[in-house]
Amino acid sequence: MRHTLPPQLHVFVRDWLSANNVLLKGRDRHVLIDSGYVTHAPLTLALLRSERGLGQAPLSLLVNTHGHSDHIGGNAAIRAAYGCPIAFPAAEAPLVERWDAKTLLYEYADQEADRFPIDVRLEAGSTHVWGDLEWRMLAAPGHDMGALVFFNPEHGILVSGDALWENGYGFVMPRAIDPAALPATRATLDMIAELPVRIVIPGHGEPFTNVAAALDKAYLRTEAFEADDARMARHALKVVLTFSLLARRAMRIADLPAYVARIGIYRDLNDAVLRMTPEALAEMLVAELLRARAVRIEGDCLVPAA
Ligand SMILES: [Zn+2]
């Protein structure tokens, strides 16, 4: 079934390097949710200025679901271009203010981000009017412990960020790294399952209406993770490596052992969970990504399949 969204709401469906941008056009205030990856900021600005976007109209507010690089990368550029304030989940604001590049998975995961100020703190439980619609701020810890999702009860719209996608959710840290993350993931799914959601606007992929099927898949994934910390670690590292491949377009296969020995998230998850040599870790990640058809080999390089 195709989704129907209120006319003042437009979703720019992006790729995996940039999260989706959700534009909420109100009678006199326009609001954007999430701003993509930093290297895509010129494209994000061009979409905003397009006819489907704002055209020549001003932007009143930029909002983030959470602080990961693919959701906040355009923040600094959009704030500079439109002079609009940035509203950010209160629980995660301290990490941004002290620029905790480890917890926010920036340098720690070989991801780039431009520093930005937070003008408004969004508290879980509060309600905000964006695009002439009321949105409830709901805490959605798990993939990101400070994340919010935004729910509009009138139309049953959930802006879910990386807490729920049509086929899964954003990777979660293994218990050996953060024992709270996977239980929080399950609790967040339980919270969403209790909401009368009709349409989900995810952080990645098209909006979807088959919420029950998405929740079933998310619970199955959660059960598999609960049974196997190593599976979580491999999944997280495959996601992060695919992201870096998209950002860099290609990586030399011969350089990967040194790379996974150097970049913090690979080192920490390997030390805590997988306990492989860097060579074996790199080989395993490449083999599993090839099997999943997420990557291809071109000459002596690994490249994204897409
Ligand atoms: Zn995320």
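Hi everyone, let me start at the metal: the four donor atoms around the zinc ion subtend angles of 85 to 174 degrees, which makes the arrangement irregular. The upper end of that range is what rules out a tetrahedral label, because tetrahedral would need all angles between 85 and 135 degrees. Please keep in mind that we are looking at a predicted model.

So who holds the zinc? The protein donors are H66 through NE2, H68 through ND1, H143 through NE2 and D162 through OD, and they lie 2.1 to 2.3 Å from the ion. If you like to read sites along the chain, the spacing is H-x1-H-x74-H-x18-D. Two of these donors deserve a second look. H68 sits in the loop between β4 (61–63) and α2 (69–72), while D162 sits in the loop between β10 (157–161) and α5 (181–194), so this pair ties together parts that are 94 residues apart in sequence. Both are also tucked away from the surface: H68 is buried at 6% relative accessibility, and D162 is buried at 5%.

Now let's move to another aspartate, D229. You will find D229 in helix α7, which covers residues 229–248. What does its side chain reach? The side chain of D229 comes to 2.8 Å from the backbone nitrogen of R175. Setting aside neighbours within four places in sequence, the contacts of D229 are P174, R175, A176 and V273. Is D229 buried or exposed? With a relative accessibility of 18%, D229 counts as buried, because the cut-off for buried is under 20%.

Next, the strands at the start of the chain. Strand β2, residues 21–25, has four of its five residues buried, so β2 is largely enclosed by the rest of the structure. On one side, β2 pairs with β1 (residues 9–12) in the antiparallel sense over four bridges, and there F12 has N21 of β2 as its bridge partner. β2 is also joined to β3 (residues 30–33) by four bridges, again antiparallel. In that pairing, L24 stands opposite V31 of β3, and the hairpin from β2 to β3 passes through four residues.

One last item, for anyone who is wondering about cysteines. How many disulfides does the structure hold? Zero. Two cysteines to look at on the screen are C84, which is buried with a relative accessible area of 2%, and C301, which is buried at 17%.

That's my tour, thanks for listening!

Key. Residues are numbered from 1 along each chain as its sequence is written. This is a predicted model: local features need pLDDT of at least 70, side-chain atom pairs count only at pLDDT 80 or more; totals for chains, interfaces and linings use all residues. Side-chain values use heavy atoms; hydrogens and water are left out. A disulfide is a pair of cysteine sulfur atoms within 2.5 Å. Buried means under 20% relative accessible area, exposed over 50%, partly exposed in between (1.4 Å probe, protein chains only). Helices (H or I, at least four residues) and strands (E, at least two) are DSSP runs, numbered from the N terminus. A polar contact is a pair of N or O atoms within 3.5 Å; within protein, one must be able to donate a hydrogen and the other to accept it, and residues adjacent in sequence count only if both atoms are side-chain atoms. Contact means heavy atoms within 4.5 Å. Donors are N, O and S atoms within 2.8 Å of the metal (3.2 Å for Na, K and Ca); water is not among the atoms, so sites may look incomplete. Four donors count as tetrahedral if all angles lie between 85 and 135 degrees; four count as square planar and six as octahedral if opposite donors are over 155 degrees apart and all others between 65 and 115; anything else is irregular. Two strands pair if DSSP finds at least two bridges between them.
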